[in-house]
Amino acid sequence: MSGLPRRLATANGRAASLVLGRRLPGVQPRRLVIDTSYSAHFMDFKGSSIASSMKKLVVTELSPRFREAVSARTAPVPTPGDAELLVRNRFVGINASDINYSAGRYDPSVKPPFDVGFEGIGEVVGLGLSASSRFTVGDAVAYFSSGAFAEYTVVPAKESVPVPSAKPEFLALLVSGATAYIALKRLGDLAKGETVLVTAAAGGTGQFAVQFAKRAGCHVIGTCSSDEKAGFLKSIGCDRPINYAKEDLAETLRKEYPKGVDVVYESVGGSVLELAVNRLANKGRLIVIGFISGYQSASGIPPFRGDTLPVKLLQKSASVRGFFLPHFLGDYREALSSMMQMFAKGELVCKVDCGEMEQEGRFVGLESVFRAVDYMYVGKNLGKVVVEVTPAAVSNSKL
């Protein structure tokens, strides 16, 4: 029969289908040309020296203790599909919720082994045909997608964000910045002149909450654990940094803000959440974006005495509102675009912490993710914790 499909493997391992017809009377045979030269463009093996294998971190046992749950493994470098990018990671971001993921708390149906890590930034070293309409080899991209703790990650092109360069500051915007931007915009209902309390204000997301609240014309209070962090908070516009290692937080808020606070951006949980509820003003809004104080426990939830919560909220016409970024992805593009414009204009500080002051040195190499998670959980970080996965000299090679 004529018109039988023949499957011909192209150079990048994907299949192309050609129909080879039978010669008909009076029709000159046509020369079939299969051009595979494009494969050098879609998979930059020569220019980027893509190895055949890579290191990645994999959850092998469900546990909130990251070092017990996660192991480093060697795996083949994946090949991107038609609408995907292969990204060589320059930097990956560390999030408090990494251990919630390693404990299986987000999706109990997923069983080990599975990849871990939420965000990365790097250069495109391979891509599928459809993805080439928007990207090319050598482009710098950032992404918010699972499996980031690896030397290479395959990411859907539609979930990748073009960035001017693979700077770690852009990485800080993906989850930490977006959480603060969208939560305060959608749930904070900020009004000029209101008082906003940001807990863990010198951390990855707290630094952005401080700045966005100031841009809205609010008076901002920020909690932190050292004078160095208090100094940083002042530098980004925080009106009243409170170093709780030296000052009693509850007493300070009671004395200096007797009418309470209008909005709380809360990420600590436990006793800090209780205190925040007690200090809400009339019509106050408390936004819960996390409760890091409990993540390392077996339940993942810190103790909270909430039996009188309904009464307290009713008496003040106040509210407690939860925020989980995946539920607000419709706002994500606008938030990221707005923040990148602010950063480009010098209107937004994106503080990153690569562990420069650590005795063991900066967080360099995928194995440093373990140290970086520990570093964040003992409260040492100032800004967003990031790990440099691939040295710039290797990552920046081009065709």
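# Questions on a predicted fold

The secondary structure of the protein chain comes to 13 helices and 18 strands. The model is predicted.

Me: What share of the residues in the protein chain is buried?
Reply: Buried means under 20% relative accessible area. The protein chain has 399 residues. The buried share of them is 52%.

Me: How much of the accessible surface of the protein chain belongs to carbon and sulfur atoms?
Reply: The accessible surface of the protein chain comes to about 19,100 Å². The part that belongs to carbon and sulfur atoms is 54%.

Me: What percentage of the contacts with a separation of 6 or more comes from residues 24 or more positions apart?
Reply: A contact here needs heavy atoms within 4.5 Å. Counting contacts in the protein chain with a separation of 6 or more, residues 24 or more positions apart account for 67%.

Me: Is strand 18 mostly covered or mostly open, and how many of its residues are buried?
Reply: Side chains in a regular strand alternate between the two faces of the sheet. On one side of strand 18, Lys 384, Val 386 and Glu 388 are buried; on the other, Val 385 and Val 387 are buried. Both faces are thus covered. The strand, residues 384–388, is mostly covered, with a buried count of five of five.

Me: Does strand 5 run parallel or antiparallel to strand 18?
Reply: Strands of a sheet pair through backbone hydrogen bonds, in one sense or the other. Three bridges join strand 5 to strand 18. In one of the pairs, Gly 93 has Val 386 of strand 18 as its bridge partner. The sense of strands 5 and 18 is antiparallel.

Me: Which hand does the crossover from strand 17 to strand 18 have?
Reply: Strand 17, residues 352–353, runs parallel to strand 18, and two bridges join them. Asp 353 stands opposite Val 385 in strand 18. Between these strands the chain passes through helix 12, residues 368–377, in a β-α-β crossover that is right-handed.

Me: How many of the ten residues of helix 12 are buried?
Reply: An α-helix has 3.6 residues a turn, so residues three or four places apart point the same way. In helix 12 the buried residues include Ser 368, Val 369, Phe 370 and Arg 371. Ala 372, Val 373, Tyr 375, Met 376 and Tyr 377 are buried in helix 12 too. The helix is mostly covered, and the buried count is nine.

Me: Which residue with a positive phi follows helix 12?
Reply: Most residues other than glycine have a negative phi. The residue after helix 12 has a phi near 75 degrees, and it is Gly 379.

Me: Which backbone nitrogen does the side chain of Glu 84 reach?
Reply: Glu 84 lies in strand 5, residues 84–93. Its relative accessible area is 26%, so Glu 84 is partly exposed. Among the residues Glu 84 touches are Leu 127, Ala 131, Val 154 and Pro 156. The side chain of Glu 84 comes to 2.6 Å from the backbone nitrogen of Gly 81.

Me: How far apart are the C-alpha atoms of Glu 84 and Gly 126?
Reply: Along the chain, Glu 84 and Gly 126 are 42 residues apart. Their C-alpha atoms are separated by 8.6 Å.

Me: Why is there no disulfide bond between Cys 224 and Cys 238?
Reply: A disulfide needs cysteine sulfur atoms within 2.5 Å. The closest cysteine sulfur to that of Cys 224 is in Cys 238, too far for a bond. Cys 224 is buried, at 3% relative accessibility. The sulfur separation is 7.8 Å.

Me: Which strands are the edges of the open sheet with the order 4-3-6?
Reply: This sheet has three strands, with antiparallel pairing. Each edge strand pairs on one side only. Strand 3, residues 53–59, pairs with strand 6 over two bridges, and Val 58 stands opposite Asp 115. The edges are strand 4 and strand 6.

Me: Is the peptide bond from Pro 112 to Pro 113 cis or trans?
Reply: Most peptide bonds are trans. Pro 113 sits in the loop between helix 4 and strand 6. The omega from Pro 112 to Pro 113 is near 0 degrees, making this bond cis.

Me: Is Ser 317 buried or exposed?
Reply: Ser 317 has a positive phi of about 50 degrees although it is not a glycine. Ser 317 lies in the loop between helix 10 and strand 16. With a relative accessible area of 53%, Ser 317 is exposed.

Note on methods:
Residues numbered from 1 in each chain as written. Predicted model: local features only at pLDDT ≥ 70, side-chain atom pairs only at ≥ 80, totals over all residues. Heavy atoms only, no water. Helix = DSSP H or I, 4+ residues; strand = E, 2+ residues; numbered from the N terminus. Buried < 20%, exposed > 50% of the residue type's maximum accessible area, 1.4 Å probe, protein only. Polar contact = N/O pair within 3.5 Å; in protein donor to acceptor, adjacent residues only side chain to side chain. Pairing = 2+ DSSP bridges. Right-handed = clockwise from strand over helix to strand, strands pointing away. Areas by Shrake-Rupley, 256 points an atom, 1.4 Å probe, with all protein chains shown as cover.
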